[in-house]
Amino acid sequence: SSGINAEYGLHIGPFAVGSQDCYCFDTDCLCINRYCRYWRNKVNSGNLIEHMHGINVHPKEDVTPALLYFMLNDNSAEDRNVRHTIYLEKLESVLNQQQNERGCLHFNIQCLFCPDVLKGDRFSISDHLYQAHSFTLGHLCS
């Protein structure tokens, strides 16, 4: 089976990814895909043991042979760098999106409190909410 477990990390077939400081996986499946793609390419080009720790797991005592799992975690400098690079790229993407939304002058949304359709930038919408409905988003500077 495969999936994500908050305590133990990511489990995909005979591979497991430790969850220590796994900040690049918190909210974005694309980050997980990029991470897995990086390691798939790396593993396909060489020996698993070069990049991962082998762990023998006994699913049931004395009933079945041990299964060999390969563990990635950020104790490895390369793995830590991969996670950090993915995190920084995601952060950059989010900050660019926020900047684009702040600078957009063609924003169009219906007011939360009245039937007015608000147009323009986000400041004009915030201004309408304050002027017409005494509603503020955050702290007012005095």
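**Cysteines, burial and one polar contact**

A search of the whole structure finds zero disulfides. This is a predicted model, where local features need pLDDT of at least 70, side-chain atom pairs count only at pLDDT 80 or more, and totals for chains, interfaces and linings use all residues. Residues are numbered from 1 along each chain as its sequence is written, and side-chain values use heavy atoms, with hydrogens and water left out.

Colleague: Why is there no bond between cysteine 111 and cysteine 114?

Modeller: A disulfide needs two cysteine sulfur atoms within 2.5 Å. The sulfur of cysteine 111 is 3.6 Å from that of cysteine 114, its closest, so the gap is too far for a bond. Cysteine 114 is in no disulfide.

Colleague: What makes cysteine 111 count as buried?

Modeller: Buried means under 20% relative accessible area, exposed means over 50%, and partly exposed is in between (1.4 Å probe, protein chains only). Cysteine 111 has 6%, so it is buried. Cysteine 114 has 15%, so it is buried too.

Colleague: Why is alanine 132 called partly exposed?

Modeller: Its relative accessibility is 46%, so it falls in between the two cut-offs. Alanine 132 lies in helix α4, residues 122–133. Helices are DSSP runs (H or I, at least four residues), numbered from the N terminus.

Colleague: Is aspartate 79 buried or exposed, and how do you know?

Modeller: Buried, because its relative accessibility is 0%. Aspartate 79 is found in helix α3, residues 77–103.

Colleague: What joins the side chains of aspartate 79 and arginine 83?

Modeller: A polar contact of 2.8 Å. The term means a pair of N or O atoms within 3.5 Å; within protein, one must be able to donate a hydrogen and the other to accept it, and residues adjacent in sequence count only if both atoms are side-chain atoms.

Key. Helices (H or I, at least four residues) and strands (E, at least two) are DSSP runs, numbered from the N terminus.
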